[in-house]
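Open the model in your viewer and keep the selection panel at hand. The stops below say what to pick next and what is there.

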Amino acid sequence: MRSTTQPIAKSAHSKPRRVVVAVLDLLSNLKFGIWLLVALFVYSSIGSAGIVYPEHWAIFSADSWVHDQVRQWRGLEMTEFEWFHWWPFTTMLLLIALSIVVTTLRRIPFTPVHYGVWMIHGGILLLIAGSFVYFGQKVEGDTPVARRKVVAEFAVPQTDGSVTNQRVEFVASPGQRAEIGEGSSRVNFEVRSVDPQWELLTGADKGKRAYSVTVLVERAGKRYLRQLLAGYPALTEDLLITDDQAQPIKRAVEELGKPISDESMVLSLEYTAQRWFYLRNDLAKSWALYVRLKGTTKWTQRPIDGLPLYNDCVAQRDDVFQLESDESLPLHPLDVRVGAFAADDPLRGVDLRVSGYLRFAVAQTRVTDGGANAALNPIASVTVSSTQTKPETYRLVAHDAVASKADGGVLRLVDLDHEAAFERFTRQPSIVVRIPSQNIEVREEIRDVAAANPNAPFVEIMGAPPNASATGYAYRVVNVQDSIPIAGGTVAVAILEVKTPQGFFRRWVFENPTLTRDVVTPDARDAHGAPKLEDDSIDIRFEPGNGLALVVLAHGPELGRLRLISAVGATPAIHEVAINTAIPIGAGVSVKVAEFFPRGRFETKPLVVPRLQRSRDAMETFAQIRVEAAGAGDAQWIPFTRWVFDSAQEALRRAPFEPHTLRLSDGREVEVLFSRQRLPLGSDVALDEFVLTSHVGGYTGEDSTIRDYRSRLRFRGDGTEAAWSEPVDVSVNSPVEHEGLWYFQAQWDPPETRPREGEVASAGLNYTVLGVGNREGVHLQLLGCCVAVTGMLYAFYLKPIVKRRRQAGVLAELAAAAKRAGLEGRADEGGAT
Amino acid sequence: MMRRAWSRGPWKSLAFVLFALFARVAVADESALPFAKRVDLTPLATIAVQADGRLKCLSSFASEMMRVVSGPRAIADQDPLFTYLDMLFHPKAYREADVIFVKSAPSRVRLADALRRADPSAEMALRMESFEASGLISEEFLSQEAVLAVLEEMQVDLVRSAKVVDAIESALRVKDPRFLLSRLRIIPRGDGAMQRPWHGITTVIIAEEQASALDVPVQAREAVAAAWKQLVNGWLEGDATMVSSAATALAAELRSIDPNGYPDLRRLQWEHWYFANDHMTKTWIVYLAASILLLLGVVWKWPRARTAGTIVFALALALHTIAVLLRWYIAGRWPNSNMFEAVTTAAWFGCVAALVLEYVSRRSAMRSFFALGAAVSAMVALMAAHFLTVQLNPDINNMTPVLHDVWLYIHTNVIIFSYVLIFMASVSGALYLVHRALGGAASYARVGGAGSLILASPKGTPLEAGARAATGEVLDGVTMVLMELSFVLLWTGIIMGAIWADHSWGRPWGWDPKEVFALNTFLVFAVLVHVRLRVKDKGLWTAVLSVVGALVMLFNWIVINFVITGLHSYA
């Protein structure tokens, strides 16, 4: 299309006017417009794909490609969203919009032939306008909503005769614990299991399924389980824990004739109300610190501006650990002030400072040499290899009752004050039995304990040589505890089952005989009462020896001297230990001490995960920042947490609650969390039910068997007095709107049948994660798009028809005119651009 | 004479090609054949197995599992179901055989180098050469220390090579006879509960008192166990007759447990047929024939080749249509939810569009060009589907929950339709470039694309018509017709995607790489439209930009999918 504007006589206009005209000329220059589109193409390609090229001809495998995201480079540090909201991009868009406006107005006549172009250009302008509205106001985040919380209410009689009411809440999630009260009035709760699909066996709703939560209650020395069913408070019942091996758990209703064994303890299930949503960090970075004074519950957020997302920033290499094989971390100091933001910040005037950022790190504890002045604290790192299994490495701490042993007590590290103590560890633990009445004294090494081998035989006590017949006394060792921590030290104990002609009892035989006592009543688990012997016809002593350890590493008495005592063979073998030298101990097993520090010191720092080992899907999950309180020396690495909970009782599975404490220069202690900024939802949201639907054959643990996830939500106005709304369902592809925000099904709580160490199994479905966001301006965007489509259809397919009609009209007129003029009309085939 | 003989020739050769494609040749002397060829597993091939939330026919399931082990390669030219069972019954035989497929060529080199260093013999050099070419390696080699060290090194690189190690590990896991046995969930539930799992074969053979299979009647359990034992014994003895009769008995037994809940036999048979015939992707050969004939037809203006080409093209499209419909029938949903389906269905759309355009342009000089572009596109697409079965996995599986939406069928189909049109436009664009390189004149279609068809002269002849139209003009016109269509469809498809994303992900536009490159493709075409207004050599610019547009589209399909994954990674 050629320019339709007339050339402008330069002399006719003033200078400012000439500039305006020159700008207008530029904006309506087609070449300029094309270059803008090309620039947009290049800009988006760089932002989206970065630098990418194949290194190998096999282009269909990822490892043939070199890929580098330019926008993530240090200095740029942009998410996709940020790259496409950066000023060069918005400037380009505005220029394109202006160019379209000026060109259309100046150069495209508003005639039927050009309606299409007008519509396309108008539509795109509407789209750009709608997008400025949309992206200018966009908020998007996510929020977890737990399904139920357990509320425990009970009365505690006070010493003065009055009664106080106690209340404690905790989320219904397997393994969740809560405790309240001190001393004898202390009550412990633990969610033992949750069954989201419990089948009702009684009542009008028999056959239906309900959400069932079983809580272990420990109160005044009693323990019982209470089962709660969401929506069926009347079906609450207690399960009693008995010593009956055949049926360790019995229903209270069958044992006691009533479903509740402890009526003064009221447990109920309630909705949990979520009030916040957390802004997505991969749109615009939304880092925030949450602070509160230690002892308070309310968090105050402080947005962190200027924190990177993709690149590590560390001021000194000493601040972190790195793998030896990893390339040394480049030093990039960071100094981001995080001041009070909210008016109700409890620490107004106290600035925190972020001085380090790690994209991908895990806390690691290493042992270092504490130096000559440090306290004696022998720590060894020991590797056990065998021909059958993979080598295992253990860390042993001599002065720690638990950490001094490994592999179930088979391996232990001890610290000797004097050489005489050494001898003890060359001996097996033994039991010495005396029956004074029959003048019998027998010493027997302990070889088998019932805790490890339930079929361990009883050791019969035979009579003294002249009449070597059975005495009717027998014992077996249930377990050996070498170092139980008690006030003021540790004690060794052997727990025995003893048969006598008179009966059967358990005896706790301490190394110190004055502590030894018998346990007759089976449910008295407590062995801390006054020592008491039920049967003094038999006297038993315990010599702990090596405490059943197969391998004892003994340090001392000389500093740094380490000896290994192996009880694998028939006689104990003793070796002097050299670092990093494997010592064969028989049966194909060898032990190697890789590290040994007599004055060891623990040091915990983030271990920087090497670049190549960072999973892209992990997002910000493994980020850590180094936070310092201004003016004070206290600095700590704080790991990222997805959501902010007020207490551990609110925390969800896979989202633990671990606030770090920072000491200010004035001595105050501040709890700090590192998370994302949050916004109020404007109303409370509760999860009534979470339903997983599956394909044929049911959910097997494979994602491919899942058909849909559905969260049944309830809303209520801000404030706990209002009533919950009727339930609404949110499922994949089917969001709901509530007061300007849209709620989407985003994530779920999958079952964990094989939990990690220290966790309990979970049937899942205890919470949902909802996406939350607004969508201002989408309708304007959509309108623009539709107008543009109409324009395209018009320009490509209607315009030629309009032209043909016009042509036909002209030709018909010409023919008529020619006829009138008596001339031969000649229809020419002609086209127009 | 020659001409006439030839004109009948295509039919004969075509019939032969089709026969060779989809028929199995019967062999006379049975006893001389190896066990693998003598044993008849057809009855077993069409029993149902429950896997990944679907009821599949056993042969398609076996081919899926064997693809995890050996990728696109067939082991010893055996049927996958045979290999599955043989691997289960003779695991040792597969330990030393080269059966594990390593997809990535760079990784093959690393592994082969490690083995060559460990064993510099000529024999090893030979085997490694074959490994680098075929990608197949034995479990024996993979468990050598030198290889384990390399694998560990590769596993550390999560960004690039860890996936290769993962694939090798899954191959080893699947190859394990315990795994193969545990996945044979072929015993229907006796109580007909569809939301509960079917039973594995172990529940009837190992423990008769196994409570989990109690819903199956005792006689049925015993009969299944007996048939299975016979199958195993026959297999171990190499007795093909015994195996065949056991297979028949087992299949009949399994069908009788829950006749109402059991999948339709006809569907299972078609599924078996579809998988046994490479998902009908060999149709690419017919498209190749059509492309050659049409090219001869349009380049040398040879009317008979043109007619023959159009007929062969129609035939290829008919086969292609059967393949698409069959897959629809087997999967129970329109095939557009994974890479294999997107590529093959897109090609089908292109061919259908070409058929319509051929009709519209039947009297113009543009005729046959649309069919040619579509035939080339479909040939490329079906070749990719046929040869790159690891990248374009042909298995029929359940869709992730997010794909269950009506917009999947609208958005995806519109987008892939526009993509195939872009590819077709690049074919005519490339032809234009060849034409120009060979000295063709700098001509172009004066009224753009559809305009040149619509703006016919009063006499009814389209503008670009007959012998008078220059080749360049026609090619440019074809490119423009396709470009205009893809321009509208791509834009519409992107909007439809935005509408879907708005209620699915919570944002109509997320600057996801796939979205950005769809927009980039559109930008190339927007530049093209405007450049045409400005430059003199419109034909050349159009051809170049249509090829650039197709490259950006392919970049989106290949690089964004395999290297820069984003939210759209499942398609």
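**Stop one: a helix pair in chain B**

Select α20(B) and α22(B): α20(B) passes α22(B) in a left-handed crossing (the near helix is turned anticlockwise from the far one by less than a right angle; clockwise would be right-handed). α20(B) covers residues 406-437, and α22(B) covers residues 471-504. Helices here are DSSP runs of H or I with at least four residues, strands are runs of E with at least two, and both are numbered from the N terminus. The two helices pack at an angle of about 160 degrees, with axes 7 Å apart. Axes are lines fitted to C-alpha atoms, for helices over the stretch in contact, and angles run from 0 to 180 degrees between N-to-C directions. α20(B) and α22(B) are therefore roughly antiparallel (over 145 degrees; under 35 is roughly parallel, 65 to 115 roughly perpendicular, the rest oblique).

A note on the model: it is predicted, so local features need pLDDT of at least 70 and side-chain atom pairs count only at pLDDT 80 or more, while totals for chains, interfaces and linings use all residues. Residues are numbered from 1 along each chain as its sequence is written, and chains are lettered from A and ligands numbered from 1 in the order in which they are written.

**Stop two: the largest core**

Stay with α22(B). This helix gives 18 residues, the largest share, to the largest nonpolar core, which has 132 residues. Such a core is a set of buried Ala, Val, Leu, Ile, Met, Phe, Trp, Tyr and Cys residues joined through C-beta atoms within 7 Å. Buried means 20 or more other C-beta atoms within 10 Å of a residue's own, exposed 12 or fewer, partly exposed in between, with C-beta atoms placed from the backbone. Domain 2 and domain 3 of chain B both give residues to this core, so it lies between them.

Now pick B:A378, one of the residues with the most contacts inside the core. Beyond four places in sequence, B:A378 touches B:Y287, B:A316, B:H320, B:A347, B:G350 and B:C351. Contact means C-beta atoms, placed from the backbone, within 7 Å.

**Stop three: domains of chain B**

Colour domain 1 (42-260), domain 2 (277-392) and domain 3 (399-571). These bounds come from an automatic or database domain assignment. The centres of domain 2 and domain 3, taken over C-alpha atoms, are 18 Å apart. Their contact takes 25 residues from domain 2 and 27 residues from domain 3. Which element gives the largest share of the domain 2 side? α18(B) does, with ten residues.

**Stop four: between the chains**

Show both chains. Their contact takes 72 residues from chain B and 71 residues from chain A. On the chain B side, select α23(B) (513-534). This helix gives the most there, with 13 residues.

**Stop five: two residues in chain A**

Is A:F189 buried or exposed? A:F189 is buried, with 23 other C-beta atoms within 10 Å. Find A:F189 in strand β7, residues 187-199. Its contacts beyond four places in sequence are A:A152, A:F170, A:R177, A:A178, A:V215 and A:V217.

Finish at A:L780 in helix α8, residues 778-821. A:L780 is partly exposed, with 18 other C-beta atoms within 10 Å. Measure across to A:L127: the C-alpha atoms are separated by 6.7 Å, though the residues are 653 apart along the chain. Leaving aside neighbours within four places in sequence, A:L780 is in contact with A:L126, A:A129, A:G130 and A:V133.

Definitions and conventions:
Contact = placed C-beta atoms within 7 Å.
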